[in-house]
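Biologist: I'm new to this one. Can you put it on the screen and walk me through it?
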Amino acid sequence: MFALPLSAAGRSLTGINIVGPSNAEPTPRPPSPAMYQLDIVLKKGNNLAIRDRTGTSDPYVKFKIAGKEVFRSKTIHKNLNPVWDERVSLLVETLRDPLYVKVFDYDFGFQDDFMGSAYLHLESLEHQRTLDVTLDLKDPQYPENNLGSLDLAVTVSPKEGDVKDATMLLRRNWKRSSKYQSMRLSDVHRKAQLWRGIVSISLIEGRSLQPMDNNGLSDPYVKFRMGHQKYKSKTIPKTLNPQWREQFDFHLYDEQGGFVDITVWDKDAGKKDDFMGRCTIDLSLLSKEHTHKLDLPLEEGEGVLVLLVTLTASAAVSISDLSINMLDDPHERHQIMQRYSVWRSLHNLKDVGVVQVKVIRAEGLMAADVTGKSDPFCVVELSNDRLQTHTVYKNLNPEWNKVFTFNVKDIHSVLEVTVYDEDRDRSADFLGKVAIPLLNIQNGERKAYALKSKELTGPTKGVIFLEIDVIFNAVKAGLRTLIPIEQKYIEEEPRVSKQLLLRNFNRVRRCIMFLINTGCYINSCFEWDSPQRSICAFVLFVIVVWNFELYMIPLALLLPLAWNYILIASGKDTRQDVQAVEDLLEDEDEDYDKDDKDPKPGPWEDSRDKNHILEDMLASWHFEWIRAMVDSERKGFMNKLYAIQDVCISVQNALDEVASYGERIKNTFNWTVPFLSWLAIVALGLATTIIYFIPLRYIVLAWGVNKFTKKLRDPYTIDNNELLDFLSRVPSDVQVVQYRELKLDPNPSPNKRKKNNPG
């Protein structure tokens, strides 16, 4: 071990140790390159400071260079020796600015507590060599206090050649975040290439898992990770032999295969989830186009996971220039039309269609840089498929002229196009976004879309010009509607939001009020408030009851669908207005924008702003107060706080689910999505015909035989409810607002522009 020299007296607060041979000779410095690539692995923390009343902390780490935040780690709950093992790659123009590392304790609902900081002076690092670094954390106000240490691995590499090329290479790695919706220069191993295949994993069951709770049982769930791709299964409560029956799809970038890391966890409300074991799938050992049944024993735990794994070749996914695209070629277009014709409806049901997106240009974008310009690039997403354009530097009216081609697995998917401003040394800035359901697309129409805010609730500055073509097989699309919807990659954990809770409560209240009003209307017929209405209701009641047959139930459901269709066709649109939901969403979006504002650094600070200095002082005082006030009666305070957070999130999500189902039923009958309403008419028509011609006992017998023999015919089938799967494709009122196109406003007022473009 030898100490890394510090170049200034003020830097002696930070102890830095590098693991390496003591007789190593310094490498001569090459001529100063255009830029440097800084690769950092945040490994772990050692003996970090206690900041919670439970005697632990919830640490996370921030990296700053030249006063700008360039990285924030995930939070490790209730651990003084956390293991992050996170990687970040940065491009820096100079090594003179040190890397400023700060550690905080996450406190739900309160100011995060300062846990120490350190400087890593990049000029002292050897080039082209990975060095293991230990940073001793200190408090500038109390430098004698020992606040633990961080272990990192750091590599500095000069970058010769075109700076723009280097920047484009690194910015390919991006990570969605509910707060930033940005692109981060992390996980550099994700390659800027198209995927070569699909890995489909069916999580069937677990056997004889390890009991983690006091009742001798567990509440297990499973996490999957393959590179940057992550999934999380549902939690099965109180069992050691869970049945999940879920399917997840991963993109395979390496033709030689790869590894899927799998971990099993026990869900614990109010405290850290318990680790139950891990296993790994080596995809290079599995043959393609074949389903493999795997019984994987759990390492560092007990039990077995049962999986079905299938590797398939990649579908038609591509990026090309505007002059080269398949749908503009009449021969290619004819072949694709034949591929998705009605006569091939039963061939490869997973291949529903193809969508081609031409990203032409954008106009009037927001200026994100201090120069009054932006460096915009565009990300196109369809479900879990993500592709992006190149960056057009220093331009508010960029032209990309790129063509993206995706295979459609679900015609009810939503195409998301997001514009970002590239920043070399920190997270990319969000400039605008549009969400376009595939069923709303007019083929071959070049259209200008007004960009929206991050939450898709209000306008932001700029428009983007797109031309989209969708070709699909309607029969396949209808059949795929009745199977579970594809899950999105794991994103940030849900957070408690007062606005979101209020919005969901009001949505549920509207659904309940509709039922109450309907009940009052029916009751008014019995009360003879309107004699004419009561007489008509009485006659209808007698006729229906006297002639009632079972087939009349689906037939009765057809009547409101037909009635609303006639009204809409005649120009009398009876669809309810969702203005109340839209107003709530706009208010919530303003609050999100306020949260996204970053404090600006002051002119008198060395890589720190006034707020951070105040935070450090308050954190130091708070730490001393904690040491004096901790006693046995208050150790459970944070546990109770986390439990309240979990309950609030559960209530928030439950209200959203209840309201969404009510709104989706209403939107089915209101013809919000005509394809789904026609599908409902076909299903109800078939049900009416079957019940009319076939005795009920035969229908019930066939249903029962199918249910009893389903597991015998296919032991690893994934259970699903066709009705719920159908409703999951119908948009809720919130989604209707998010997918609604904004009218183009070439001259927005300054106040409105300021409102929707904070910061």
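Modeller: Sure. First a cut-off we'll need: buried means under 20% relative accessible area, exposed means over 50%, and partly exposed is in between. Also, keep in mind that this is a predicted model.

Biologist: Okay, let me try that out. Is L217 buried, exposed or partly exposed?
Modeller: L217 has a relative accessible area of 28%, so it counts as partly exposed.

Biologist: And where does L217 lie?
Modeller: In the loop between strand 11 (197-207) and strand 12 (220-226).

Biologist: What does L217 touch, skipping residues up to four places away in sequence?
Modeller: P211, M212, K238, T239 and L240. Take T239: it is 22 residues from L217 along the chain, but their C-alpha atoms are separated by 5.4 Å.

Biologist: Let's zoom out. How many helices and strands does the protein chain have?
Modeller: The count is 14 helices and 27 strands. The chain has 759 residues, and 45% of them are buried. Among contacts with a separation of 6 or more, 69% are between residues 24 or more positions apart.

Biologist: Which residues touch the most other members in the largest nonpolar core?
Modeller: F63 and L150, out of 34 residues in that core. Several strands give two or more residues to this core, including strand 3 (35-46), strand 6 (83-92) and strand 10 (149-159).

Biologist: What is L150 in contact with, leaving aside neighbours within four places in sequence?
Modeller: Quite a list: K44, G45, L48, V61, W84, V101, V103, V133, T134, L135 and L137. Apart from this core there's another one, of 32 residues, with V352, V434, Y449 and V470 among them.

Biologist: Switching to helices. How many residues are in helix 4?
Modeller: Helix 4 (residues 498-527) has 30 residues. From first C-alpha to last it reaches 42 Å, close to the 44 Å expected at 1.5 Å a residue.

Biologist: Which residues of helix 4 are buried?
Modeller: L500, R503, N504, N506, R507, V508, S524 and C525. Right after helix 4 comes W528, with a positive phi near 55°.

Biologist: And how far does helix 6 reach?
Modeller: Helix 6 (residues 552-569) reaches 25 Å over its 18 residues, close to the expected 26 Å. Its buried residues include P554, L558, L561, N564 and L567. An α-helix has 3.6 residues a turn, so residues three or four places apart point the same way. Helix 6 is followed by G571, where phi is positive again, near 95°.

Biologist: How about charges? Where is D725?
Modeller: D725 sits in helix 12 (residues 722-729). D725 is buried yet has no salt bridge.

Biologist: Which side chain of opposite charge is nearest to D725?
Modeller: R729, at 4.9 Å. A salt bridge needs the charged atoms within 4 Å, so that pair doesn't make one. Beyond neighbours within four places in sequence, D725 is in contact with T481, L482, I483, P484 and N720.

Biologist: How many disulfides are there in the whole structure?
Modeller: A search finds 0. As for individual cysteines, C279 is buried because its relative accessible area is 4%, under the 20% cut-off. C378 is buried too, at 0%.

Biologist: Last one: which helix holds M337?
Modeller: Helix 2 (residues 330-339). At 44% relative accessibility, M337 counts as partly exposed. M337 and F472 are 135 residues apart in sequence, with 8.3 Å from C-alpha to C-alpha.

Conventions:
Residues are numbered from 1 along each chain as its sequence is written. This is a predicted model: local features need pLDDT of at least 70, side-chain atom pairs count only at pLDDT 80 or more; totals for chains, interfaces and linings use all residues. Side-chain values use heavy atoms; hydrogens and water are left out. A nonpolar core is a set of buried Ala, Val, Leu, Ile, Met, Phe, Trp, Tyr and Cys residues joined through side-chain atoms within 4.5 Å. Buried means under 20% relative accessible area, exposed over 50%, partly exposed in between (1.4 Å probe, protein chains only). Helices (H or I, at least four residues) and strands (E, at least two) are DSSP runs, numbered from the N terminus. Contact means heavy atoms within 4.5 Å. A disulfide is a pair of cysteine sulfur atoms within 2.5 Å. The expected span of a helix is 1.5 Å times one less than its number of residues. Lys and Arg count as positive and Asp and Glu as negative; His and the chain ends are not counted.
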